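Subject: Structure handover

Hello,

I am passing on the structure we spoke about, together with notes on what turned up in it. Please have it open while you read.

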Amino acid sequence: NTQVHHVENMVFKRFVEIGRVALITCGPDTGKLCVIVDLVDQKRVLVDGPCSGVIRQALNIKSLALTDIIIKVAPSQGTSGIRKIWQKEEVSENWEKTSWAKRLAMKAKRAKATDFERFKIKVAKQQKSRLIRSKVKELKKAESAAAQ
């Protein structure tokens with residue numbers, strides 16, 4: 001009695017499974033990556049993140065955001081084995097390449113910006129829009145002159 005996931009017919013593409021890399025969304029480890037090591041019950045999973053500073057613990061599934069990254073991990077595998085697989089599969093590097101991670105990094109960078117940095121960004125945007133507006137005006141003028 002084996003079940004086969006037909007992904008093209010499924011609504012969900014990311015499943016809670018052993019080896020699934022997840023992002024912790026609440027608690028003291030918010031924003032860190034972990035891997036699901038074992039299923040505790042319907043609502044909790046055992047996670048471990050040896051390369052991201054997450055100690056082995058049971059977390060509520062609602063406090064995890066599942067990523068597309070999956071690594072081959074044996075059920076309840078030890079932390080040292082997970083660390084080796086994590087580094088071999090380059091999970092952290094693959095995560096940094098995703099648009100999700102880039103968006104989170106950009107949000108964090110914006111949150112840390114000082115008032116003066118925000119002012120400099122505003123001025124740069126104004127200069128850029130002025131330049132674009134003047135070029136568009138020139139092109140329209142040249143187009144109307146060519147039409148006559």
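The notes below go from the overall build to the single residues.

Overall build

Please keep in mind throughout that this is a predicted model. The protein chain holds 4 helices and 5 strands. Read from the N terminus on, the order is β-β-β-β-β-α-α-α-α, with the strands written before the helices.

How does the radius of gyration of the protein chain stand against that of a compact globule of 148 residues? The chain has 24 Å, where such a globule would be near 15 Å. The box filled by the C-alpha atoms, taken along the principal axes, is roughly 80 × 40 × 30 Å. As for burial, 25% of the 148 residues count as buried.

Two distances give a sense of scale. A146 and V37 are separated by 109 residues in sequence, and their C-alpha atoms are 69 Å apart in space. A146 belongs to helix α4 and is exposed, because its relative accessibility is 65% and the cut-off for exposed is over 50%. The other pair is K13 and K62, which are 49 residues apart in sequence and 17 Å apart in space, C-alpha to C-alpha. K13 sits in the segment before β1, the strand of residues 20–24. With 52% relative accessibility, K13 also counts as exposed.

Salt bridges

How many salt bridges are there? The count comes to 6, and three of them are described here, beginning with R20 and E17.

The side chains of R20 and E17 form a salt bridge at 2.7 Å, N to O. Are its two partners buried or exposed? R20 is buried, since its relative accessibility is 3%, and buried means under 20%. E17 is partly exposed, at 28%.

D29 and K32 also form a salt bridge through their side chains, at 3.6 Å, N to O. D29 has a relative accessible area of 14% and is therefore buried. K32 has 29% and is therefore partly exposed.

A further salt bridge joins the side chains of D115 and R118, with 3.9 Å from N to O. Why are these two residues about one helical turn apart? Both are in helix α4, and they are separated by about one turn because they lie 3 residues apart there. D115 is exposed, with a relative accessible area of 60%, whereas R118 is partly exposed, with 44%.

Charged surface patches

There is a negative surface patch, and its members are E89, E90, E93 and E96. One of them, E90, is found in the loop between α1, residues 79–88, and α2, residues 91–97. E90 is partly exposed, because its relative accessibility is 43%.

There is also a positive surface patch, formed by R130, R133, K137 and K141. Where does K141 lie? Its place is in helix α4, which covers residues 115–147. K141 has 62% relative accessibility and so counts as exposed. Helix α4 has thus come up several times in these notes: K141 is in it, A146 is in it, and so are D115 and R118.

Backbone points

Which residues have a positive phi although they are not glycines? S76 is one of them, with a phi of about 60 degrees. S76 is placed in the loop between β5, residues 64–70, and α1. With a relative accessible area of 41%, S76 is partly exposed.

E90, already named as a member of the negative patch, is another, with a positive phi of about 55 degrees. Like the patch note, this one places E90 in the loop between α1 and α2. Its 43% relative accessibility makes E90 partly exposed.

In brief

For a first look, start with the chain as a whole, with its radius of gyration of 24 Å. Then turn to the loop between α1 and α2, where E90 has a positive phi and takes part in the negative patch. After that, go to helix α4, which holds K141 of the positive patch. The salt bridge between R20 and E17 can be looked at last.

Regards

How values were computed
Residues are numbered from 1 along each chain as its sequence is written. This is a predicted model: local features need pLDDT of at least 70, side-chain atom pairs count only at pLDDT 80 or more; totals for chains, interfaces and linings use all residues. Side-chain values use heavy atoms; hydrogens and water are left out. Patches are made of residues with over 30% relative accessible area and no salt bridge: like charges are joined within 9 Å, nonpolar side chains (Val, Leu, Ile, Met, Phe, Trp, Tyr) within 5 Å. Accessible areas come from the Shrake-Rupley method with a 1.4 Å probe; for residues, only the protein chains shown count as cover. A salt bridge is a side-chain nitrogen of Lys or Arg within 4 Å of a carboxyl oxygen of Asp or Glu. Lys and Arg count as positive and Asp and Glu as negative; His and the chain ends are not counted. The place of a charge is taken as NZ of Lys, CZ of Arg, CG of Asp or CD of Glu. Buried means under 20% relative accessible area, exposed over 50%, partly exposed in between (1.4 Å probe, protein chains only). The radius of gyration is taken over C-alpha atoms; the globule rule is 2.2 Å times the number of residues to the power 0.38.
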